[in-house]
Number of protein chains: 2
Amino acid sequence: MAGGSGERFWPLSRQTRPKQLLKLAHPDHTLLEQTVNRLSGLIPTENILIATAPHLVGPSQAHLTGLPAANIQAEPHKRNTAGCLVWVAANLLAKDPEARAKMSMAVLAADHRISPDDGFQATVSKALDVAENQSSIVTIGIKPDRPETGYGYIEVDQSAANQGDERVVIRAVKQFREKPDAATAEQFLANGGFLWNSGTFFWTLDTFLTELENAAPELYLATLKLADLLRAGDLQGANDAFAALPSISIDYALMEKARKVAVAQAAFDWDDVGAWDALDRSLPTDETGNVGRGDVVVVDSQSCIAVNDHPGITTCLLGVEGLVVVVTEDAVLVCPKDRAQDVRAVVDALKSRGIPKV
Amino acid sequence: MAGGSGERFWPLSRQTRPKQLLKLAHPDHTLLEQTVNRLSGLIPTENILIATAPHLVGPSQAHLTGLPAANIQAEPHKRNTAGCLVWVAANLLAKDPEARAKMSMAVLAADHRISPDDGFQATVSKALDVAENQSSIVTIGIKPDRPETGYGYIEVDQSAANQGDERVVIRAVKQFREKPDAATAEQFLANGGFLWNSGTFFWTLDTFLTELENAAPELYLATLKLADLLRAGDLQGANDAFAALPSISIDYALMEKARKVAVAQAAFDWDDVGAWDALDRSLPTDETGNVGRGDVVVVDSQSCIAVNDHPGITTCLLGVEGLVVVVTEDAVLVCPKDRAQDVRAVVDALKSRGIPKV
């Protein structure tokens, strides 16, 4: 899934250069490239499909020259993660009459930071194994290391037994919990029976359709209808039918109502790189906690994030603390880390002033 | 006097673009232009001399097209304000054998903010009048409105009587006081008998030489010697003699020891625009105290100074307070207002890294 708009990384992110196309966790590779590279040896390249927005097909292809161009597919409209996955499933069904019986899907976000790769591959292998052999939907849960209020949580059965690769623990799901307030997040962390919901899913196509039929019958019927239209070559009909779908998340449409869900506890570090303040978890810091990228000079400053993407500019910080400073070819942003989530307010201000830098 | 280097306005100021060549108090005019324009109708253009550094003669001429090019003169070396004024006096003496008997000097800094112009002209007129008719050195003192520790003070006789233009009060000097600590500055303010020393001077050439002979005989002799060398056309000799002078301020060399000094209390607002944090006294502020110049968008921010001199960049502040943000063609500076005095630390850091943007 590579359809994110990433306004929270303005001014580096733009409508045609969203978060997944930024190098936020690696000096040379975008998050999207890292996501594809991370599957090397595990998923054949021809089986990696990128679902993105129509205007991002070209930019995504430019970053993924190792992938067949046809594997980068446009969702005709923005219909959240449920819409995205219905569209992908319908395309698989349309292409192969045997798809339901033989295909599995590993659903990964294109804009997360994950390391190390071997822990990731071990987790994905086991999740796919459980999904295929136990007809279960499997999601990846992350052991929390802080009372994060920006993530959804999964309450799990702590006594769950393990099988196979001992690095990856499989647990039964008690319930999905939406983003908590600070006090609740503290309780979750102290309790120990809660994992972060990484938004990563594994299922056979048959399990997906069976569970979707139960949880969201209208989406199930839409999937079959879209597959029929695509199979018949009626692209306009498929686009129109897709446009009529509601915009809801797969968590809300399916996961929270699915009957058979397991969690694979991640054998890797994970971050959803939600906003600028996440960069000091993704990139190296100096001895006073500053993250600098590009031509940056820091004097008497602490815990700042300075990203300079303008080749002609030197960015200098003097005597500041906890600031985010981002410099691009046509914009400069200065905000405290704890306001990084609100960068959209700046994008909105620019839009309202007709400044075309969004 | 227009020889300042103005490192405290980096990155807008550079070695060839010091503070007096920046538009820090007017949207269209540099401080130097404003200084010259402010004398319109009071001092004939041909009598306005600009003393500056050799590498600033060209840039200064470019900003002062209304002035004869020859009136912009290079001090051959940097020898502080005493050296500057000795050099100017020697040039006047060399040019005109009658200079000592008939000429007066009004010594003005080229990098101060002053308004309104009519109050300034009234003050200068009266100061010149006192200087010429009472054979006194006259300086302009500013009524303090805050316990500023960045300025020198002049303790004055509060009972001094006035004569002539009632807008401008002339007072006798008790003593010059160097930059005070915070507690002393508070006492000065509460006492009421202290004025800021604006570094502005008026004297007849005869008074200047007479007082210099008393206060700093070596500088007096140097002035006469320089005049002889210049009169003889021995520029190299004059340059060498000037190079041998000590680098001291006119306050220290002359004013603190002068026998006859009066203060004209300014009938205008004044600021020496010492560093970036002075701009919220020089430029208009919005309803939350922000100063913005150039393409600047401010969201949820207070008391910030944002100067954007890069034509292609939009500078955005979100959720910050008391910050200075400066954007130029090749540099960005972010610091708190209360560190604005320390911008030289950044310039030093750049020098030590060999970055040629100073």
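Leaving aside neighbours within four places in sequence, Ser136(A) is in contact with Val130(A), Ala131(A), Thr207(A), Lys260(A), Val261(A) and Ala262(A). These contacts, like every feature described here, are taken from a predicted model. Ser136(A) itself lies in the loop of chain A between α5 (117-133) and β5 (137-142), and because 23 other C-beta atoms are found within 10 Å, where 20 or more suffice, this loop residue counts as buried. Of the contacts listed, Val261(A) stands 125 residues away from Ser136(A) along the chain, yet the C-alpha atoms of the two residues are separated by 5.5 Å.

The domain assignment divides chain A into domain 1, covering residues 75-271, and domain 2, covering residues 276-352. The centres of these two domains, taken over C-alpha atoms, are 33 Å apart. Helix α3 of chain A, formed by residues 80-95, comprises 16 residues and extends 23 Å from its first C-alpha to its last, a span close to the 22 Å expected at 1.5 Å a residue. Buried positions in α3(A) include the run Thr81(A), Ala82(A), Gly83(A), Cys84(A), Leu85(A), Val86(A), Trp87(A), Val88(A), Ala89(A) and Ala90(A), and Leu93(A) is buried as well.

Turning to the assembly, 30 residues of chain A are in contact with 30 residues of chain B. On the chain A side, the elements that give two or more residues are the strands β12 (296-299), β14 (314-318), β15 (323-327) and β16 (331-336), together with helix α12 (343-352). Among these elements, β16(A) gives the most, with 6 residues. When the residues on this side of chain A are sorted by class, 22 are nonpolar, 4 are polar and 4 are charged.

The strand β16(A) also pairs across the interface, where 4 bridges join it to strand β14 of chain B (residues 314-318), the two strands running parallel. Within this pairing, Leu317(B) of β14(B) is the bridge partner of Val334(A).

As to the arrangement of the two chains, chain A is superposed on chain B, with an RMSD of 0.1 Å, by a rotation of 179° accompanied by 0.0 Å of shift along its axis. The two copies are therefore related as by a two-fold rotation axis. Of the interface residues of chain A, 100% are also interface residues in chain B, so the copies meet through the same surface.

Conventions:
Residues are numbered from 1 along each chain as its sequence is written. Chains are lettered from A and ligands numbered from 1 in the order in which they are written. This is a predicted model: local features need pLDDT of at least 70, side-chain atom pairs count only at pLDDT 80 or more; totals for chains, interfaces and linings use all residues. The expected span of a helix is 1.5 Å times one less than its number of residues. A residue is buried if 20 or more other C-beta atoms lie within 10 Å of its own, exposed if 12 or fewer, and partly exposed in between; C-beta atoms are placed from the backbone. Domain bounds come from an automatic or database domain assignment. Two residues are in contact if their C-beta atoms, placed from the backbone, lie within 7 Å. Ala, Val, Leu, Ile, Met, Phe, Trp, Tyr, Cys and Pro count as nonpolar, Asp, Glu, Lys and Arg as charged, and the others, Gly among them, as polar. Two strands pair if DSSP finds at least two bridges between them. Copies are superposed by least squares on the C-alpha atoms of residues with pLDDT of at least 70 in both.
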